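Reader: Hi! I am new to reading protein structures, and I would like a close look at one part. Could you take me through the loop between the first two helices and then show me how it sits in the chain?

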Amino acid sequence: MNPKLAKKARLRFDRHSGKHMLMYPERGLALNESAKLIVERCDGTRSVEQIVQELDAIAGQSVQADVLAVLEDLQKKGLLEP
C-alpha cells in the first residue's frame, strides 16, 4: 500500500497558529510535527514501510506504531485514497 492523500485533503501551514493543518471540506485537523512528517509522505510514491524507515532515521528510534496509528486515523476519516 502506498498511502496518498485524498483529493479533498490538503496540507497547509497556518501562519496564525504556527502549525500545519490538514484541511478538508468544512474541517481542519491540526497536526503535530510527527503527523505532519507522515502526511507529507502520503504522496502515493512511498510504501508504508518506506515512510516508517524514513521517519525512523529522522527520529533515531522506531516510529512504526505512530505511523500506523496516523494512517489508520486518516483512513477512517476518508482522507486517504482508497
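Author: Happy to help; here is the loop, followed by its surroundings. This is a predicted model, in which local features need pLDDT of at least 70 and side-chain atom pairs count only at pLDDT 80 or more, while totals for chains, interfaces and linings use all residues. Residues are numbered from 1 along each chain as its sequence is written, and side-chain values use heavy atoms, with hydrogens and water left out.

Let us start with Arg-41, which lies in the loop between helix H1 (33–40) and helix H2 (48–59). Helices here are DSSP runs of H or I with at least four residues, strands are runs of E with at least two, and both are numbered from the N terminus. Is Arg-41 buried or exposed? Arg-41 counts as buried because its relative accessibility is 13%; buried means under 20% relative accessible area, exposed over 50%, and partly exposed in between, using a 1.4 Å probe and protein chains only.

What does Arg-41 touch? Its side chain reaches the backbone oxygen of Leu-37 at 2.9 Å. Setting aside neighbours within four places in sequence, Arg-41 is in contact with Pro-3, Arg-46, Ile-51, Glu-54, Leu-55 and Ile-58. Contact here means heavy atoms within 4.5 Å.

Now move along to Ser-47, also found in the loop between H1 and H2. Ser-47 is buried, as its relative accessible area is 14%. With neighbours within four places in sequence again left out, Ser-47 is in contact with Met-1, Asn-2 and Pro-3. Pro-3 also appears among the contacts of Arg-41.

Next, the wider setting. The chain has three helices and three strands, and along the sequence they follow the pattern β-β-β-α-α-α. Strand E2 (residues 19–24) and strand E3 (residues 27–31) run antiparallel and are joined by five bridges; two strands pair if DSSP finds at least two bridges between them. Met-23 stands opposite Gly-28 in E3. The hairpin of E2 and E3 has two residues between the strands, and Glu-26 there takes a positive phi near 60°.

Finally, the chain as a whole. Buried residues make up 32% of its 82 residues. Of the contacts between residues at least 6 apart in sequence, 49% join residues at least 24 apart. The C-alpha trace spans about 35 × 30 × 20 Å along its principal axes.

How values were computed: Polar contact = N/O pair within 3.5 Å; in protein donor to acceptor, adjacent residues only side chain to side chain.
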